[in-house]
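Got the viewer open? Here is a short tour, stop by stop, with a selection to make at each one.

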Amino acid sequence: MFVDSEVISIKSGDGGDGMTSFKHFKGVATGGPDGGDGGDGGSVYFVGDGSKTSLVEFQFTHKFTAENGERGGTNNCHGKNGSDKYIYVPLGTVIKDRDSGMIIADVYSEGQTVKVLEGGRGGKGNLRFTTSKRHTPHFAQKGEKTPVRYVTLELKVIADVGLVGFPNVGKSTMLSKISGAKPKIANYHFTTISPNLGVVSRYDDTFVVADIPGLIEGAADGAGLGHDFLRHIERTRMLAHVVDISGVEGRDPIEDFIKINKELKDYSPALAQLPQVVIANKCDIFGAEENLKAFKKKFGRKYKIFACSAINAEGLAAALDEIYALLKTLPPPAPIEYEPFVYTRPNDDEFEIERDEDGAYVVFGPLVDLLIRNVVLDDYDSLAYMQKTLREKGVIKELRKLGAHDGDTVVIGDVEFDFID
């Protein structure tokens with residue numbers, strides 16, 4: 001089964017909690033703090049694997065999660081970091097953020113490894129909160145929790161030449177004659193329901209040809225196989241446009257050629273600019289000769305047209321020579337050019353303040369999330385640490401600017417207290 005698009009969820013590991021612990025000596029019930037930091041959560045990576053040809057495995061496994069970091073230990077022992085998660089994908093897989101549609105990575109080469117999600121940071125142990133005035137902190141920091149992200153995987157076949165044309169024009173037969181590929185061939189439309197790749201040997205060199213499933217009018221708007229397979233042409237360096245010159249199915253070869261080029265242009269103007277070689281197939285059928293004359297009269301000045309019969313391989317050698325020569329003049333294949341989308345960590349200094357319907361000042365944002373990880377409500381030192389942080393980060397100053405007075409209610413996470421200026 002060929003699958004070339006799937007949505008999966010990915011999550012890096014949560015950071016482990018810091019430890020609250022104190023040294024114990026004979027005759028001393030509570031010595032100094034010695035709680036260690038929690039371990040960092042594992043990160044999520046995507047890796048290019050040339051042995052894979054489809055995204056079918058992602059139809060059955062949709063969730064990928066890295067390991068959480070472990071809690072810090074006593075005696076200032078650091079918690080174990082979580083194991084990273086490696087997700088192996090076929091070459092040519094484009095990873096996009098599902099919600100924005102922006103490209104995160106283009107996994108183009110064998111072994112290419114891309115970090116997509118950073119693991120959560122481990123929390124600090126109580127040893128890290130000692131100061132000249134706070135000798136025995138009875139609180140530690142919780143590990144950073146990481147959100148679930150959703151990404152779209154899109155496989156875009158990597159090939160030098162894309163065979164395009166209407167269904168049943170003979171592309172699969174042609175691929176079987178010029179390469180070792182064994183595509184399914186039958187006399188009905190949409191025989192090919194997935195791209196087939198074939199390696200063509202020519203003059204001590206090789207190039208890869210992709211048989212793209214037959215396009216129909218409206219494909220650029222999603223009709224028929226539509227975008228599902230137009231995306232695979234984006235990778236190719238040039239196109240071999242196969243036309244049924246016989247008109248045996250009652251279609252006009254000239255109209256077919258115009259329609260397919262229109263679909264390419266509607267989908268992507270860049271595709272319409274790719275060099276094209278035209279292969280007029282089924283020249284062995286009665287009526288093909290007259291159609292070929294009309295076709296060459298219409299398009300012969302702009303395109304090189306080769307009369308062929310794929311069923312018996314007649315004329316294919318000349319077409320392959322032209323394709324081979326043209327490829328020598330074209331730039332090598334390359335990954336997509338894009339501005340990478342990155343999942344960024346929030347700035348721990350940022351906060352916002354709003355008033356709720358009861359008139360209380362509600363503080364929220366990354367700074368509050370950090371404080372929630374640090375604060376133990378029933379510990380004096382922990383609350384003192386929170387108040388100091390609120391002053392240093394400008395929260396108290398901002399509350400004053402917004403008109404907060406003594407006795408007004410301030411809400412920070414699950415903590416509610418009276419404002420005192």
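Start with everything shown: of the contacts (heavy atoms within 4.5 Å) between residues at least 6 apart in sequence, 72% join residues at least 24 apart. You're looking at a predicted model, where local features need pLDDT of at least 70, side-chain atom pairs count only at pLDDT 80 or more, and totals for chains, interfaces and linings use all residues. Residues are numbered from 1 along each chain as its sequence is written, and side-chain values use heavy atoms, with hydrogens and water left out.

Now colour by secondary structure. There are nine helices and 18 strands; these are DSSP runs numbered from the N terminus, with helices being H or I of at least four residues and strands E of at least two. Of the 421 residues, 49% are buried. Here, buried means under 20% relative accessible area, exposed means over 50%, and partly exposed is in between (1.4 Å probe, protein chains only). Switch on the surface, too: the protein exposes about 21300 Å², and carbon and sulfur atoms supply 50% of that. Accessible areas come from the Shrake-Rupley method with a 1.4 Å probe, and for residues only the protein chains shown count as cover.

**Stop one: a covered helix**

Select residues 366-374, which is helix α7. How many of its nine residues are buried? Seven are: P366, L367, V368, L370, L371, R373 and N374. To see what covers them, add β16 (361-364), α8 (380-392), α9 (395-401) and β17 (409-412), which are among the covering elements.

**Stop two: salt bridges**

A salt bridge here is a side-chain nitrogen of Lys or Arg within 4 Å of a carboxyl oxygen of Asp or Glu. Side chains of opposite charge can pair when their charged atoms come close. The whole structure holds 21 salt bridges.

Pick R237 and D160 next: their side chains meet in a salt bridge at 2.9 Å, N to O. R237 sits in the loop between α2 (227-233) and β12 (238-244), while D160 is in the loop between β8 (149-155) and β9 (161-164), so this pair links distant parts of the chain, 77 residues apart. Buried or exposed, R237 and D160? Both are buried.

Then try K393 and D349, whose closest N and O atoms are 2.8 Å apart in another salt bridge. K393 is in the loop between α8 and α9 and D349 in the loop between α6 (316-329) and β15, so the pair ties together parts 44 residues apart in sequence. K393 is partly exposed at 35% relative accessible area, and D349 is partly exposed at 41%.

For a pair inside one helix, go to K401 and E398, a salt bridge at 3.9 Å, N to O. Both lie in α9, three residues apart, about one turn of the helix. K401 is exposed at 62%, and E398 is partly exposed at 27%. Finish this stop by selecting R121, E144, R345 and D348, which salt bridges with shared partners join into one network.

**Stop three: surface patches**

Patches are made of residues with over 30% relative accessible area and no salt bridge; like charges are joined within 9 Å, and nonpolar side chains (Val, Leu, Ile, Met, Phe, Trp, Tyr) within 5 Å. Lys and Arg count as positive and Asp and Glu as negative, with His and the chain ends not counted; a charge is placed at NZ of Lys, CZ of Arg, CG of Asp or CD of Glu.

Select D356, E357, D358, E416 and D418 to show a negative patch. E357, in the loop between β15 (352-355) and β16, is exposed at 79%.

Last, select V7, V148 and Y150, which make a nonpolar patch of about 230 Å². V7 is in strand β1, residues 5-11, and is partly exposed at 36%.
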